[in-house]
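Here are a few exercises to work through with the structure open beside you. Try each task before you read its solution.

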Amino acid sequence: MRNWEMKLTRQGWADALIELGEKDPEVLVLDADLSKSTLTCLFKEKFPQKTFNFGIAEQNMINGAGGLSLEGFIPFVSTYGVFLSGRAWEQIRTTICMNKLNVKFGGAHGGVSVGPDGATHQALEEIAIMRCLPEMIVIVPADYYETKKATLAAAKIKGPVYLRFGREKVPVVSNENDEFIVGKAKIMQEGTDVTIVACGAMVAEALEAADMLKEENISAEVINLHTIKPIDSKTLIESAKKTGCVVTAEEHQVMGGMGSAVAEVLSQANPVLMGMVGVLDTFGESGTPEELMIKYGCKAKNIYEKAKKIISLTKKQ
Amino acid sequence: MKYPIPFDERELKLKAIQMRKDIVLETFSAGSGHPGGSLSAVEMFIVLYNCILKHDSENSRWEDRDKFVLSKAHITPAYYSILSRTGYIDPKELVTFRKLGSFLQGHPKQDIDHGIEIGGGSLGQNFSIAGGIALGMKLKNKQTRVFVMSSEGELQEGSMWETAMSIPHFKLNNLCLLVDYNRLQIDGKTEEVMEVEPLDKKFSAFNWNVININGHEVKEVYDALKKFEEFSLSTPRPTAIIAKTIKGKGVAYMADVCGWHGKAPNKEEYDKAIQELEAQEKTLTQ
C-alpha cells in the first residue's frame, strides 16, 4: 500500500471558485441548499453578492443559470450529482446544451463512497447521462489538485462543462504543478502488459493495482482519463496497441460509463479484450465508504483480478 | 427598425389580422404546426413588439434592448410572424417553416440575429430562463426588462412554480409574465385535464402583481403592459398579466376548438380562413 496524502476533491472545487471570484467579475455560484456540503459556502463567505441560493429547486436553478449566461455571466451550479444530472437532466439537455450556454456544473457526491446517506444520494449514472449530450464536456478529476485545475479550466471554456467529484477525502495522485489539459489523458505510469484506464478516485486504486501486478512481474500502464468527453482517443489507442489488453475502472455504473466510452473508441479503432471494473447494474446502500467500495467492487484488488483475467484471456486468443 | 412606436388602435388591429394570415399560411405551407395557440396570442405579440418592447431589428444584439422569451414555444407561427413583421425575418421565409434546412424550426432555435433570444419548446423551461435573464440584468444595473409568454396549460409544470417562487424572492420587478389563458390544451379543456384555477390568486399568493385582462383587446393589453411599467418602478414585485383568450381566435372554424391545437389547415380550409381574414381587414379599412 502506498502512503497517500488524503484531500477532499470538493475543497478543490471551492478553492478554485474563490480564485475565480477574485479575478473574474462574471463568475457566479448557484446553490440548491447544499452549499455546506459542496463547500461553496466558502465562496459565499467571500462573495455573498455573487452567490444565489435557489432553494431546493434544481430545475429552476439550472435554467436560471442559463438565463444569467445570456446576460454574460459564467454561472457555476453546485449540488449533489444525483439531483444535478438527474432531476434536471432535460433542462441541461434542452436549455443548456441545445443552446450551448456557458454554464458549469459541479456534481458533488459521486459514487458509492458517499457512504451512510445510502443509495438515493450516491450518484452512479452521471457520466453516462451527461456524456451522451451534444456540446457537453465531462470531467472526472482524480484528486484535489485536478478538481481545482478542472474548475479553473472550465471557466475558460465557452459552453457547458460537467465536473464530477466525490464526498470523501481521496489520495492525492497528482502534483500541484502538473499540467492539466482538458481532453488530454494523463499517463500515470508506463507499462507493457496491460493498460488500466481509470478516472476519479479509481486512479489511486489503479496505481495500487499496478503495484500488486508488478510483484508478479506484470507491467501495467496506468492512464488517468480525467476528461471523459472529449475523449483522448489517441492516447487510448496507442496504449492498447502497445499492451494488447485494457481494464477500465470507475466508481460508476459500468453501463454507459467511462469504460463504455473507452470501448466505443477501441472497438472501432483497435479492438482488444477489455475488462470493466465498476458498479454492476445495481444501486448502492448505507455503510462506510470503505465497506461500500469493497462490497461494490471498486478496489485495487478488483482491478488486479480483472487485469490478470484479461491478460490470460488475451494470451489464449 | 426601432421600437416602441406610438399606440394606434386601428393600425394594431390591422397588424393583428396580417399576423393571423401569416399563421394560417405558415401552418398550411408546413402541413403541420400549432395554429390554435398562435392565434390566441396575436394581440399580445402585436402590442408588445410594437408599443412596449425596446428593440431595434437592425441592431438585434443591442446591449440595452428589452428581451422577450417565449415559454409556450410551440407557437412559432405567431413568433416568426411578429419577427417578420418587425424586421427580423424576411416575410418571404415564412413558407419555409418546419422544412428541412430552414432556420424556422418547428420549435424555435436560438438565433439572436433573427430576434430569437433563446430556443425552446419543452414546456416548463423558458420561464425560468427569463428569471435568470432578469436577475442578470439587475446584476448589471441595466434598466431593461424581460417579457415572457406562457399559457395556463404550461403552468401545470411543477418547475413553473419553482420559478414563480424565485422571481419575487430575488425581487425581479423587471420581469413581466404574460399568460395566454385560452382554456384548451391538447387533451381537452384545461379544467378537465388539470385545473389551474384560481390562477390570479395563486400568483398573488406567490407575491406577484396580478392584472386580469381580455387578451384580444389591444387597448387592454397595452394598458396592462403600461401598468407593469409603473409597477416595475414602484414595487419590488414582478407582474403577471393573465389574459383570457380564445384558442383559434379570428378564424371562425378554429375558434375554441381543441382539435386545432396542433393541426394544419388543408387547401380548402386555408382559403376559407384567408377569405374570412380579408373580410375582417375590409371592415376595418372601410
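**Exercise 1. Getting to know chain B**

What share of the contacts in chain B with a separation of 6 or more comes from residues 24 or more positions apart? Then describe the build of the chain.

*Solution.*
Keep in mind that this is a predicted model.
- Step 1: Residues 24 or more positions apart make up 78% of those contacts in chain B.
- Step 2: Next, look at the elements: chain B has 10 helices and 9 strands.
- Step 3: Chain B has a radius of gyration of 18 Å, and the globule rule gives 19 Å for 286 residues; the two are close, so chain B is as compact as a globular protein of that length.
- Step 4: Along the principal axes, the C-alpha atoms of chain B fill a box of roughly 50 × 45 × 40 Å.
- Step 5: As for burial, 52% of the 286 residues of chain B count as buried.

**Exercise 2. A strand under cover**

How many residues of strand β5 (residues 175-181) of chain B are buried, and which strands pair with β5(B)?

*Solution.*
- Step 1: Count the buried residues: 7 of the 7 in β5(B) qualify.
- Step 2: Now split them by face. On one side sit L175(B), L177(B), V179(B) and Y181(B), on the other C176(B), L178(B) and D180(B), and all are buried.
- Step 3: One partner is strand β4 (residues 146-151) of chain B, which runs parallel to β5(B) and is joined to it by 6 bridges. Here F147(B) stands opposite C176(B).
- Step 4: Strand β9 (residues 239-244) of chain B is also joined to β5(B) by 6 bridges, again parallel. In β9(B), C176(B) has T239(B) as its bridge partner.
- Step 5: Add the helix: β4(B), helix α6 (residues 158-169) of chain B and β5(B) make a right-handed β-α-β unit.

**Exercise 3. A sheet and its helices in chain A**

In what order do the 5 strands of the open sheet in chain A come, and which helix packs on the sheet, touching β10, β13 and β14?

*Solution.*
- Step 1: A reminder first: strands of a sheet pair through backbone hydrogen bonds, either parallel or antiparallel.
- Step 2: In chain A the order is β9-β11-β10-β13-β14, with mixed pairing.
- Step 3: β9 (186-189) and β14 (273-279) of chain A each have a single partner strand, so they stand at the edges with one side lacking a neighbour in the sheet. On average, neighbouring strands of this sheet are turned by 25° against each other, direction ignored.
- Step 4: Zoom in on one pair: β10 (residues 194-198) and β11 (residues 220-224) of chain A are parallel over 5 bridges. V197(A) has I223(A) as its bridge partner in β11(A).
- Step 5: Helix α9 (residues 202-214) of chain A lies across β9, β10, β11 and β13 (245-253) of chain A, at about 160° to β10(A).
- Step 6: The helix we were after is α11 (residues 258-269) of chain A, whose direction makes about 145° with that of β13(A).

**Exercise 4. One residue, then the interface**

Is S260(A) buried or exposed, and which helix gives the most to the side of chain A that touches chain B?

*Solution.*
- Step 1: S260(A) lies in helix α11 of chain A.
- Step 2: There are 21 other C-beta atoms within 10 Å of S260(A), and the cut-off for buried is 20 or more, so S260(A) is buried.
- Step 3: On to the interface: 19 residues of chain A are in contact with 20 residues of chain B.
- Step 4: On the chain A side, α4 (58-70) and α6 (89-97) each supply at least two residues. α4(A) gives the most, with 9 residues.
- Step 5: Sorted by type, that side of chain A has 7 nonpolar, 10 polar and 2 charged residues.

Definitions and conventions: Residues numbered from 1 in each chain as written. Chains lettered and ligands numbered in written order. Predicted model: local features only at pLDDT ≥ 70, side-chain atom pairs only at ≥ 80, totals over all residues. Contact = placed C-beta atoms within 7 Å. Helix = DSSP H or I, 4+ residues; strand = E, 2+ residues; numbered from the N terminus. Nonpolar A, V, L, I, M, F, W, Y, C, P; charged D, E, K, R; others polar. Rg over C-alpha atoms; globule rule 2.2 N^0.38 Å. Buried ≥ 20, exposed ≤ 12 C-beta atoms within 10 Å, placed from the backbone. Pairing = 2+ DSSP bridges. Axes fitted to C-alpha atoms, helices over the stretch in contact; angles between N-to-C directions. Right-handed = clockwise from strand over helix to strand, strands pointing away.
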